[in-house]
Amino acid sequence: MEITVSPGRRLLGRLAKGEDLLAGLEQRGAAAGIKLGAVRAIGAVSRARFGYYHQTERRYAFLEFSEPLEILALLGNVSLKDGQVMVHAHVTLADAQGRAWGGHLAEGTLVFACEYEIQEYLGEKPLARALDEETGLFLW
Ligand code: ZN
């Protein structure tokens, strides 16, 4: 699956302290009417929850951290799943010793501070997510 896109609007903003990181990004994308795009962010969280997809078992296992962590990098995309704006993002987070952890960003990650950038993409039609039988994931 591949489409050609051109850049649309670029949103720059900050999420509020205490906001859910994933839900906050999805809300900003939806509020702007962005159906397809890329997202990136840096900042810090007060707690984190992210997943690891077990490929053979076809399920996510979630890791939870209840300590403050730095967002070294958040990279992801914006697209539609069941007609709703969905952000699929992966994060690399660092603890007080500089050790890095990371995975598939899940709800339950709370913002301490977050500066984000959402790049809208315009194409002939937005990519939508659908179940991929081979992986068990909802993919483009
Ligand atoms: Zn993922």
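This briefing walks through the metal site, the nonpolar core, the aromatic rings and the salt bridges of the structure above. Please keep in mind that the model is predicted. Three histidines hold a zinc ion, and the largest nonpolar core brings together 24 residues. Around these you will find four aromatic pairs and eight salt bridges.

**Zinc site**

- The zinc ion is coordinated by His-88 and His-90 through NE2 and by His-104 through ND1, at 2.1 Å.
- If you like to read the site from the sequence, the donor residues follow the spacing H-x1-H-x13-H.
- Two of these donors, His-88 and His-104, link distant parts of the chain: His-88 belongs to strand S5 (residues 84-94) and His-104 to strand S6, 16 residues apart.
- His-88 has a relative accessible area of 22%, so it is partly exposed.
- His-104 is at 16% relative accessibility and therefore counts as buried, given that the cut-off for buried is under 20%.

**Nonpolar core**

- In the largest nonpolar core, with its 24 residues, the ones with the most contacts inside it are Leu-21, Leu-25, Leu-74 and Leu-93.
- Several elements feed this core with at least two residues each: helix H1 (21-31) and strands S2 (37-54), S4 (69-81), S5 and S7 (110-123).
- Strand S2 gives the most to this core, with five residues.
- Leaving aside residues up to four places away in sequence, Leu-25 touches Leu-15, Val-39, Leu-74, Val-87, Tyr-116 and Ile-118.

**A closer look at Ile-118**

- Ile-118 is found in strand S7.
- With 0% relative accessibility, Ile-118 counts as buried.
- The contacts of Ile-118, again not counting residues up to four places away in sequence, include Leu-11, Leu-25, Ile-34, Ala-38, Val-39 and Val-78.
- Arginines also appear on the contact list of Ile-118, namely Arg-9, Arg-10 and Arg-28, and Gly-29 is there too.
- From Ile-118 to Val-91 the C-alpha to C-alpha distance is 15 Å, with the two positions 27 residues apart in sequence numbering.

**Aromatic rings**

- The structure holds four aromatic pairs, and one of them joins Phe-65 and Trp-101.
- The ring centres of Phe-65 and Trp-101 are 5.0 Å apart and the planes meet at 50°, so this pair is tilted.
- This pair links distant parts of the chain, with Phe-65 in strand S3 (residues 59-65) and Trp-101 in strand S6 (residues 100-105), 36 residues apart.
- Phe-65 is buried, at a relative accessible area of 11%, while Trp-101 is partly exposed, at 34%.
- Phe-50 joins Phe-65 and Trp-101 in one aromatic cluster.

**Charges over rings**

- Arg-49 lies over the face of Phe-62, at 4.1 Å from the ring centre.
- Lys-81 has its charged end over the ring of Phe-138, 4.2 Å from the centre of that ring.

**Salt bridges**

- Of the eight salt bridges found in the whole structure, one connects Glu-120 with Arg-9, where the closest N and O atoms are 2.9 Å apart.
- That bridge spans distant parts of the chain: Glu-120 is in strand S7 and Arg-9 in strand S1 (residues 5-15), 111 residues apart.
- Glu-120 is buried, with a relative accessible area of 8%, whereas Arg-9 is partly exposed, with 39%.
- Arg-28 pairs with Glu-19 in another salt bridge, its closest N and O atoms lying 2.7 Å apart.
- Besides lying over Phe-62, Arg-49 forms a salt bridge with Glu-64, with the closest N and O atoms 3.4 Å apart.
- Here too distant parts of the chain are linked, since Arg-49 is in strand S2 and Glu-64 in strand S3, 15 residues apart.
- Arg-49 counts as partly exposed, at 23% relative accessibility, and Glu-64 is exposed, at 52%.
- Arg-10, Arg-40 and Glu-117 are linked in a network of salt bridges.

Key. Residues numbered from 1 in each chain as written. Predicted model: local features only at pLDDT ≥ 70, side-chain atom pairs only at ≥ 80, totals over all residues. Heavy atoms only, no water. Phe/Tyr/Trp six-rings, centres within 6.5 Å; stacked < 30°, edge-to-face > 60°. Helix = DSSP H or I, 4+ residues; strand = E, 2+ residues; numbered from the N terminus. Buried < 20%, exposed > 50% of the residue type's maximum accessible area, 1.4 Å probe, protein only. Lys NZ or Arg CZ within 6 Å of the ring centre and 35° of its normal. Donors = N, O, S within 2.8 Å, 3.2 Å for Na, K, Ca; no water. Core = buried A, V, L, I, M, F, W, Y, C linked by side-chain atoms within 4.5 Å. Contact = heavy atoms within 4.5 Å. Salt bridge = Lys/Arg side-chain N within 4 Å of Asp/Glu carboxyl O.
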